[in-house]
Amino acid sequence: MKFDSSVPVPIAVFASGGGTNLQALLDHEQTSGLYKVTTVVSDRKEAGALRRASVANRNTLVISNQGRSQDEIGEEIIRHLSSWDIQVIALAGYLRLIPSIVVHAYPKRILNIHPALLPDFGGEGMYGDRVHQAVLNVGVEVTGATVHYVDEEYDTGAILAQWPVPVLPGDDIKAISARVLKIEHLLYPAVTDHVCRAIKEGIEPEPFIVPSVDLESISDDEK
Ligand code: GRF
């Protein structure tokens, strides 16, 4: 893949749902200057993320998974992403497994954000409220958000960054999910910057150091 390192790194965001993490990446893009979300991919044509992409005037692509082999789906993804010169794929609430031919075509270039501290509370079927319910059931005092590289299984790739978030007495799913999501919206753009800076410099990213931020100091706009 040829890539001009003087321009922002073209990235594709894959999302199945509402796309608040996509929005955080879009919102941060101007300040960042390190990446540009040129394309949004979904497996669901009604995904809110696609509406956000259209409002922001980005390419959109709906990949139908019904009755197709993983290789067929993967070839379609690779064909489109190559035509847009995509260098990084950021999964943001994408509920499908990434076909292995795509994983191999983009080594250490596919990221995912997960709303808990992996390797705990991850794996197939662990998404959305199910993750936070499991956190409550076990009774841990700390949860968080994780950004990791994507491999051929759910939530098992090498971890790039983790941001802990407290579970407070009296928390329900809604409270935990809101507190974690607020952190996701800070973490994902920051780690995407970090990875794209390294790509521009032609180096492997160093471990990402999570900044020290008081949760209460984050404005509602950033939540
Ligand atoms: C986030 O909690 C993310 O960690 C997980 O899926 C959710 C997507 O939310 N992978 P949104 O669509 O970005 O609002």
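**Exercise 1. Is Asn112 buried or exposed, and what is its relative accessible area?**

Solution. In this predicted model, the first step is to place the residue, and Asn112 belongs to strand E5. The second step is to take its relative accessible area, which is 9%. Since buried means under 20% relative accessible area, Asn112 is buried. The third step is to list its surroundings: once the neighbours within four places in sequence are left aside, Asn112 is in contact with Leu91, Thr146, Val147, His148, Val150, Asp155 and Tyr188.

**Exercise 2. Describe the largest pocket by its volume, its lining and the elements that contribute to the lining.**

Solution. Begin with the volume, which is about 760 Å³ for the largest pocket. Next, consider the lining of the largest pocket, which is made by 35 residues, with Gly93, Tyr94, Leu95, Tyr127 and Gly128 lying nearest the centre. Then assign the lining to secondary structure: helix H1 (20-32), strand E5 (110-114), helix H5 (129-138) and helix H6 (173-201) are the elements that give two or more residues to it. Of these contributions, the largest share comes from H6, with four residues. Finally, sort the lining of the largest pocket by chemical character, which yields 14 nonpolar, 15 polar and six charged residues.

**Exercise 3. Determine which residues of H5 are buried and how they are arranged around the helix axis.**

Solution. The buried residues of H5 are Val131, His132, Ala134 and Val135. These cover an arc of only 155 degrees around the axis, and they therefore sit on the same side of H5. As for what covers the buried residues of H5, the elements include E5, strand E6 (142-149) and H6. Moving along the chain, Gly139 comes just after H5 and takes a positive phi of about 80 degrees.

**Exercise 4. Check the span of H1 against the expected value, and then describe the burial of H1.**

Solution. First, compute the expectation: H1 has 13 residues, so at 1.5 Å a residue the helix should span 18 Å. The end C-alpha atoms of H1 are 18 Å apart, which agrees with this expectation. Second, identify the buried residues of H1, which are Asn21, Leu22, Ala24, Leu25, Leu26, Glu29 and Ser32. Third, ask what covers them; the elements include strand E1 (9-14), strand E2 (35-42), helix H2 (48-55), strand E4 (88-91), E5 and H6. Just after H1, Gly33 takes a positive phi of about 70 degrees.

**Exercise 5. Locate Asp85 and Lys108, two residues other than glycine with a positive phi, and state how accessible each one is.**

Solution. As background, most residues other than glycine have a negative phi, and most peptide bonds are trans. Asp85 has a phi near 60 degrees and is found in the loop between helix H3 (70-83) and E4. With a relative accessible area of 30%, Asp85 is partly exposed. Lys108 has a phi near 55 degrees and lies in the loop between helix H4 (100-105) and E5. Lys108 is also partly exposed, its relative accessible area being 46%.

**Exercise 6. Which residues does the cis peptide bond join, and where does Pro119 lie?**

Solution. The residues joined by a cis peptide bond are Leu118 and Pro119, and the omega angle is about 10 degrees. To place this bond in the fold, note that Pro119 lies in the loop between E5 and H5.

Note on methods
Residues numbered from 1 in each chain as written. Predicted model: local features only at pLDDT ≥ 70, side-chain atom pairs only at ≥ 80, totals over all residues. Heavy atoms only, no water. 1 Å grid on protein atoms, 1.4 Å probe; cavity = no way out; pocket = protein on both sides within 12 Å on 5 of 7 lines; lining within 4 Å. Points joined across faces, edges and corners; volume = space filled by probe spheres on them. Nonpolar A, V, L, I, M, F, W, Y, C, P; charged D, E, K, R; others polar. Buried < 20%, exposed > 50% of the residue type's maximum accessible area, 1.4 Å probe, protein only. Arc of directions from axis to C-beta. Contact = heavy atoms within 4.5 Å. Expected span 1.5 Å × (residues − 1).
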